[in-house]
Amino acid sequence: MGRGKIEIKRIENSTNRQVTYSKRRAGIVKKAKELTVLCDAEVSLLMVSSTGKIHEYISPSCTHKNLYDRYQQASGTDLWQPHYEKMQEHLQKLKDINNKLRKEIRQRHGEDLDDLGFQQLRGLEQNMEKSVECVRNRKFHVITTQTDTFKKKVKNHEETHNSLIREFEERDADFRFPSLDFEGDYQSTIGFANGNPQIFAFRLQPKLQSADLQDEETYGSYGLSLS
């Protein structure tokens, strides 16, 4: 038994519609390939699904452009002229916009002002004042930002310098030796490294002895005493 005929109408269910499109698309492409091989025909297929996807097939012996050119010659129609005219219109609009912008630039440089009236000149002046104000504000912002950055760098350098100075002073204090005091009497310190060091101070004092004791053993004019 053969399959019954189905009614040709739009399939409402989107899933069934997509499945049917995929199956029938594959069948059409298969038939186009068969025509190309069996009949030496040049076939071009272009299909666009409801979701916007494009599927195409072209016989290996030709291109889409060649077939379109042959179609134009056979039918006497020009497929490219409407598209070319639209492109020319769009190009002209772009040229007009470009010329307008160039004219505005020249006017901002003080050129091409002869055709402007008082109100137009006043409007141009106000626009330039606003532009100058924007540039000036941006300049001050950049200056402020750079100044703050330099201040932070200087502060960091000062902190690093002070830290190095403190570190150097601490290291210098570790290697500092006791100094000798030469004010008044001469004093010297002797340390003995047997256990805890003991420090003895010796003082050289002027001899105040009488003349009859001068025969005693002395060291110049000074005597040695333990203080």
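In the predicted model, Asp 112 counts as partly exposed, because its relative accessibility of 33% falls between the limits of under 20% for buried and over 50% for exposed residues. Asp 112 is placed in the loop between helix 3 (81-108) and helix 4 (118-174), and its phi is positive, at about 55°, although the residue is not a glycine. Asp 40 likewise has a positive phi of about 55° without being a glycine; this residue lies in the loop between helix 1 and strand 1 and is exposed, with a relative accessible area of 69%. Most residues other than glycine have a negative phi.

The chain contains 4 helices and 5 strands, which follow one another from the N terminus in the order α-β-β-α-α-α-β-β-β. Of its 227 residues, 7% count as buried, and the accessible surface of the chain amounts to about 20700 Å², with 55% of that area belonging to carbon and sulfur atoms. Among contacts between residues at least 6 apart in sequence, 16% join residues at least 24 apart.

Strand 1 (residues 44-48) and strand 2 (residues 54-58) pair in the antiparallel sense over 5 bridges, and the two strands form a hairpin with 5 residues between them, where Gly 52 in the turn has a positive phi of about 95°. Within this pairing, Val 48 has Ile 54 of strand 2 as its bridge partner. The side chains of strand 1 alternate along its length, such that Leu 45 and Met 47 point to one face and are buried, whereas Ser 44, Leu 46 and Val 48 point to the other face and are not buried.

The buried face of strand 1, with Leu 45 and Met 47, contributes to the largest nonpolar core, which is made up of the 6 residues Val 29, Ala 32, Val 43, Leu 45, Met 47 and Tyr 57. Helix 1 (14-39) and strand 1 each supply at least two residues of this core. When residues up to four places away in sequence are not counted, Tyr 57 touches the core members Val 29, Ala 32, Val 43 and Leu 45, and its contacts also include Lys 33, Thr 36, Ser 44 and His 64. In soluble globular proteins, nonpolar side chains tend to be buried together.

On the surface, by contrast, Leu 46, Val 48 and Ile 54 form a nonpolar patch with about 310 Å² of accessible area together. Leu 46, located in strand 1, is classed as exposed because its relative accessible area of 52% is over the 50% limit.

Note on methods. Residues numbered from 1 in each chain as written. Predicted model: local features only at pLDDT ≥ 70, side-chain atom pairs only at ≥ 80, totals over all residues. Heavy atoms only, no water. Patch = residues over 30% accessible without salt bridge, like charges linked within 9 Å, V, L, I, M, F, W, Y side chains within 5 Å. Areas by Shrake-Rupley, 256 points an atom, 1.4 Å probe, with all protein chains shown as cover. Salt bridge = Lys/Arg side-chain N within 4 Å of Asp/Glu carboxyl O. Buried < 20%, exposed > 50% of the residue type's maximum accessible area, 1.4 Å probe, protein only. Core = buried A, V, L, I, M, F, W, Y, C linked by side-chain atoms within 4.5 Å. Contact = heavy atoms within 4.5 Å. Pairing = 2+ DSSP bridges.
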